[in-house]
Amino acid sequence: MSEPRLVLRQLSLSGFKTIRRLDGLDLGAMNVLIGPNGAGKSNLLSFFRLLNRMVNSLGEMQLHVAKSGGANSLLYGGAAVTPEIKTRLVFGEDSGEYQFRLSHAAPDTFVFAEEGLRRDKGASFDFGAGHRETNMLWWAEGGTPESAPRRVWDFLQDCVVHQFHNTSETARIRQRWSVADNRWLKEDGANLAPLLLRIRDQHPAHYQRITGTLRQIAPFFADFVLEPEGDSILLRWRELGNDMVLGPHQASDGMLRAMALVTLLLQPRDEFPAVIILDEPELGLHPRAISILAGLLLGASTDSQVIVATQSPVLLDHFEPEQVIVAERDGAESVFRRLDRERLDAWLEEYTLSELWDKNVLGGRPG
């Protein structure tokens, strides 16, 4: 019998972008980040992107650092102020705590000053120091699927930050894509058509749920037209009452985003990643579609841990106070705190969460 998926119970992080010091942020099944622009929501999510790049493939972390502007740009106040990034990820059960320190090094890059997996019970692992890419791979590949390093490795591979904002004419979601690249939805939805084709052929009930939900969002939608041409496929569909086949360049930005979101959140449950991370998924969606999105997120949180950053009052109103984390700026520093239901009980008798957010009772407002 396989081990249950890991759950990230607590995150500590210091020295990363605007996050000078974050001590023991508790995380649950559903985590909703709110706050004004520049408060640090996206910075926190981008740390998960760094974690994913660390285990994506050899050399990927250093490439990601370079594309991000170099190590200096990722350190709080720059390397002169903060010479290292330090983190501790505490997982449930006895899967332990994954810790590392990334120190600034020439030429404007990082080296691991420390990396290891600590456990109260069972074996702990010291992955050494001085390396430029994670050393966890050796233990992960050498161990069984149930081993602690392998399970942490798999969790970090699932830390894909999905953001479907780029729907421009050159966006990858509007282009042809390899039929074979159909296992996991990419962070920008580029392989949406191959994934839908696989779900249609292998999981028809889930495919029907996807198309049925899209018709709730866009009543004119009939079905996808998923026909490979050689080794590639283009995202196409039909509208009700019309036999014309439409292509991705005829879709609105909101429709493309809805297609990607619904597919991500209604894929077969046994194929869900351990964690689903979304950055402002409400962008371009009608309020009715945002309400449907909220239901999908809550449904997904019963099988995967969900972390979502939002600016939407409509989306916020579908969650409980204890599921909400407020991001704010204290000078140059980002601070994060989870809402306290008891403190808000009297307010919630008369107001919704979004109204309290607007009144600045929750915090997380500009100014």
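Ala, Val, Leu, Ile, Met, Phe, Trp, Tyr, Cys and Pro count here as nonpolar. With that in hand, here is a striking case from this predicted model: the lining of the second largest cavity has eight nonpolar, no polar and no charged residues. The briefing below starts with the enclosed spaces, moves on to a pocket, and ends with two helices and a leucine.

**Cavities**

- A search of the whole structure turns up three cavities of 30 Å³ or more.
- The largest cavity has a volume of about 60 Å³, and the elements giving two or more residues to its lining are α8 (253-266) and β14 (275-279).
- Around the largest cavity you will find His 162, Gln 163, Phe 164 and His 165, together with Arg 257 and Leu 261, and then Leu 278, Asp 279, Glu 280, Pro 281 and Leu 283.
- By class, the lining of the largest cavity has five nonpolar, three polar and three charged residues.
- The second largest cavity holds about 50 Å³ of space, and α8 and α9 (287-300) are the elements that give two or more residues to its lining.
- Its lining consists of Ile 217, Ala 258, Leu 261, Val 262, Leu 285, Ala 289, Leu 293 and Leu 296.
- Leu 261 is worth a look on screen, since it is listed in the lining of the largest cavity and also in that of the second largest cavity.

**The second largest pocket**

- The second largest pocket contains about 190 Å³ of space.
- Its lining has 13 residues, and Ser 12, Ser 14, Asp 23, Lys 86 and Arg 88 are the ones that lie nearest the centre of the pocket.
- Four strands each supply at least two lining residues to this pocket: β1 (8-16), β2 (19-26), β4 (84-91) and β5 (97-105).
- Sorted by class, the lining of the second largest pocket comprises three nonpolar, four polar and six charged residues.

**Helices α1 and α2**

- Helix α1 (residues 41-56) and helix α2 (residues 60-67) have axes that come within 6 Å and cross at roughly 140°.
- This crossing makes α1 oblique to α2.
- On the α1 side of the contact are Arg 49, Leu 50, Arg 53, Met 54 and Asn 56, which meet Glu 60, Met 61 and His 64 in α2.
- The residues of this contact divide into three nonpolar, two polar and three charged.
- Buried residues in α2 are Glu 60, Met 61, Gln 62, His 64 and Val 65.
- The cover over those buried residues includes α1, α3 (71-74), β5 and β6 (109-118).
- Glu 60, Met 61 and His 64 thus appear twice, as α2 residues that meet α1 and as buried residues of α2.
- Just after α2 comes Gly 69, with a positive phi of about 105°.

**Leu 44 and its surroundings**

- Leu 44 sits in helix α1.
- Leu 44 counts as buried because its relative accessibility is 4%, and buried means under 20%.
- Which residues are in contact with Leu 44, leaving aside its neighbours within four places in sequence? They are Leu 11, Leu 13, Ile 19, Leu 22, Leu 25, Leu 33 and Phe 336.
- Phe 336 is 292 residues from Leu 44 in sequence, yet the two are 9.7 Å apart in space, C-alpha to C-alpha.

How values were computed: Residues numbered from 1 in each chain as written. Predicted model: local features only at pLDDT ≥ 70, side-chain atom pairs only at ≥ 80, totals over all residues. Heavy atoms only, no water. Axes fitted to C-alpha atoms, helices over the stretch in contact; angles between N-to-C directions. Parallel < 35°, antiparallel > 145°, perpendicular 65-115°, else oblique. Contact = heavy atoms within 4.5 Å. 1 Å grid on protein atoms, 1.4 Å probe; cavity = no way out; pocket = protein on both sides within 12 Å on 5 of 7 lines; lining within 4 Å. Points joined across faces, edges and corners; volume = space filled by probe spheres on them. Buried < 20%, exposed > 50% of the residue type's maximum accessible area, 1.4 Å probe, protein only.
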